[in-house]
Amino acid sequence: MDSNNNYYGTVHTYVKVQEKCLKAICSEQRCCCDLACQYLAIVEVLERDVEQLPKYRGRTVVHHITKVKTSNRLMAVPVVNIMRKLLKVDVSSGCFLCSLPNPYEKD
Ligand SMILES: [Zn+2]
């Protein structure tokens, strides 16, 4: 996730939340009612680290890498609200998020 007012996070899992059908007939046979459902991602919030990559002459040189730290805060985010994917790299000096050059490429 990215940009104004939004969070960075790492997806732990995806869940489907569906209304439970309460009609008596559906408890006896397979329910075919049109129930509202929502797809959510369980996301651990990543906070932007105060310490970022070193600047060169006071200017940020590397724009596509953000240093983050884990928060142990989980939240459920509707999948449609996920803005884009970033690459998460864990190394000894910390955890970094990198914008991918091509966000539309699929595995
Ligand atoms: Zn039903």
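**A note on the five-stranded sheet**

1. Start with the sheet itself: five strands make up an open sheet, ordered E1-E2-E3-E5-E4, with antiparallel pairing. At the edges sit strand E1 (8-18) and strand E4 (86-91), each pairing on one side only. From one strand to the next, the twist averages 40°. Keep in mind while you look around that this is a predicted model.

2. What does the secondary structure of the chain come to? The count is zero helices and five strands, so if you read from the N terminus on, the elements simply go β-β-β-β-β. Compare that with the order in the sheet, where E5 comes between E3 and E4.

3. Now walk across the sheet, beginning at the E1 edge. E1 pairs with E2 in the antiparallel sense, over ten bridges. To find this pairing on screen, look for Tyr-14, which stands opposite Ala-41 in E2.

4. Next comes the pairing of E2 with strand E3 (residues 65-78), an antiparallel one joined by eight bridges. Two pairs of residues help you trace it: Glu-44 stands opposite Leu-74 in E3, and Glu-47 is opposite Lys-69 in E3.

5. On the other side of the walk, E3 pairs with strand E5 (residues 94-99) in the antiparallel sense, over four bridges. Here Ile-65 stands opposite Cys-98 in E5. The walk ends with E4 and E5, which pair in the antiparallel sense over six bridges; Lys-88 opposite Leu-97 in E5 is the pair to look for.

6. Two residues are worth a stop, and Ile-42 is a good place to begin. You'll find Ile-42 in strand E2 (residues 37-48). Is Ile-42 buried or exposed? Neither label fits: with 14 other C-beta atoms within 10 Å, Ile-42 is partly exposed, because a buried residue needs 20 or more such atoms and an exposed one has 12 or fewer.

7. Which residues does Ile-42 contact, leaving aside its neighbours within four places in sequence? They are His-12, Thr-13, Val-15, Leu-74 and Ala-76. Set these beside the strand ranges: E1 covers 8-18, while E3 covers residues 65-78. There is also a C-alpha separation to note, since Ile-42 and Thr-10 are 32 residues apart along the chain and their C-alpha atoms are separated by 8.4 Å.

8. The other stop is Glu-47, which also has its place in strand E2. Glu-47 comes out as partly exposed because 13 other C-beta atoms lie within 10 Å, and a residue counts as exposed at 12 or fewer. Not counting residues up to four places away in sequence, Glu-47 touches Val-68, Lys-69 and Ser-71. One of these, Lys-69, is the residue that Glu-47 stands opposite in E3. The C-alpha atoms of Glu-47 and Lys-67 are separated by 8.6 Å, with their positions 20 residues apart along the chain.

9. A general point to carry back to the picture: side chains in a regular strand alternate between the two faces of the sheet.

10. Finally, the chain as a whole. Of its 107 residues, 7% are buried. Among contacts with a separation of 6 or more, 60% come from residues 24 or more positions apart. The contact of Ile-42 with Leu-74 is one to look at with that in mind.

How values were computed
Residues are numbered from 1 along each chain as its sequence is written. This is a predicted model: local features need pLDDT of at least 70, side-chain atom pairs count only at pLDDT 80 or more; totals for chains, interfaces and linings use all residues. Two residues are in contact if their C-beta atoms, placed from the backbone, lie within 7 Å. Two strands pair if DSSP finds at least two bridges between them. Axes are lines fitted to C-alpha atoms, for helices over the stretch in contact, and angles run from 0 to 180 degrees between N-to-C directions.
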